[in-house]
Amino acid sequence: MTSANGGEAVRQLLADARQAQDLGDARAALDRYLEAMSMSERVEIAEQATRLAAQVGDWPAVDRAAERWLELAPDAAPPHHFMILGAFRQDDLDAAGQRL
């Protein structure tokens, strides 16, 4: 769990991420989501970071965010799908095959 100060930092990072998205800066938004994800136990932050990383095409970030999503929600199927997609996009067919 996040502390009170950590919770405020996460809230600020999420506000900054939304503002960056509103301004069309998906890369800056992703950076904020990734940072917030590492400070929070909230599944939806890891999910948003994963989805945005895929949108931006940052496949290493997709892997990182999807791994965190799985840590927080071990039974979730979508993180596996994103990891497979990322492996294919990075031409890592062995990794993709291991995830299937």
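Select Arg51 and show its surroundings: leaving aside neighbours within four places in sequence, Arg51 is in contact with Trp69 and Phe82. The model is a predicted one, and Arg51 sits in its helix H3. Is Arg51 buried or exposed? Neither label fits: because its relative accessibility is 36%, Arg51 counts as partly exposed. Next, add Met37 to the selection and draw a C-alpha to C-alpha distance from Arg51. The two residues are 14 apart in sequence, and the distance reads 13 Å.

Keep Trp69 displayed and select Glu41. Glu41 is placed in the loop between H2 and helix H3, the latter covering 43–56. Along the chain, Glu41 and Trp69 are 28 residues apart, while their C-alpha atoms are separated by 9.4 Å. Colouring by accessibility puts Glu41 in the partly exposed class, since its relative accessible area is 42%.

Now select two helices, H2 at residues 26–39 and H4 at residues 59–72. At what angle do H2 and H4 pack? The angle is about 30°, and the axes of the two helices are 11 Å apart. The handedness can be checked by looking down onto the pair: H2 passes H4 in a left-handed crossing. To see what makes the contact, show side chains for Leu30, Leu34 and Met37 on H2, and for Ala61, Arg64, Ala65 and Arg68 on H4. Coloured by class, the contact of H2 with H4 shows five nonpolar residues, two charged residues and no polar ones. Met37, already on display from the distance to Arg51, is thus met again here as one of the H2 residues in this contact.

Move to helix H1, residues 4–22, and pick Asp16 within it. Asp16 has 26% relative accessibility and therefore counts as partly exposed. Then select Gly97 as well. These two are 81 residues apart along the chain, and their C-alpha atoms are separated by 37 Å.

Finally, clear the selections and show the whole chain as a cartoon. How many helices and strands does the protein have? There are six helices and zero strands. Following the chain from the N terminus, the elements run α-α-α-α-α-α. The radius of gyration is 14 Å, close to the 13 Å given by the globule rule for 100 residues, so the protein is as compact as a globular protein of that length. Reduced to its C-alpha trace and aligned on its principal axes, the protein spans about 40 × 30 × 15 Å.

Switch to a surface view for the last stop. The protein exposes about 5700 Å², and carbon and sulfur atoms supply 48% of that area. Hiding the surface and selecting the buried residues picks out 41% of the 100 residues. With contacts drawn for separations of 6 or more, 42% of them join residues 24 or more positions apart.

Technical notes
Residues are numbered from 1 along each chain as its sequence is written. This is a predicted model: local features need pLDDT of at least 70, side-chain atom pairs count only at pLDDT 80 or more; totals for chains, interfaces and linings use all residues. Side-chain values use heavy atoms; hydrogens and water are left out. Axes are lines fitted to C-alpha atoms, for helices over the stretch in contact, and angles run from 0 to 180 degrees between N-to-C directions. Helices (H or I, at least four residues) and strands (E, at least two) are DSSP runs, numbered from the N terminus. A crossing is left-handed if the near helix is turned anticlockwise from the far one by less than a right angle, and right-handed if clockwise. Contact means heavy atoms within 4.5 Å. Ala, Val, Leu, Ile, Met, Phe, Trp, Tyr, Cys and Pro count as nonpolar, Asp, Glu, Lys and Arg as charged, and the others, Gly among them, as polar. The radius of gyration is taken over C-alpha atoms; the globule rule is 2.2 Å times the number of residues to the power 0.38. Buried means under 20% relative accessible area, exposed over 50%, partly exposed in between (1.4 Å probe, protein chains only). Accessible areas come from the Shrake-Rupley method with a 1.4 Å probe; for residues, only the protein chains shown count as cover.
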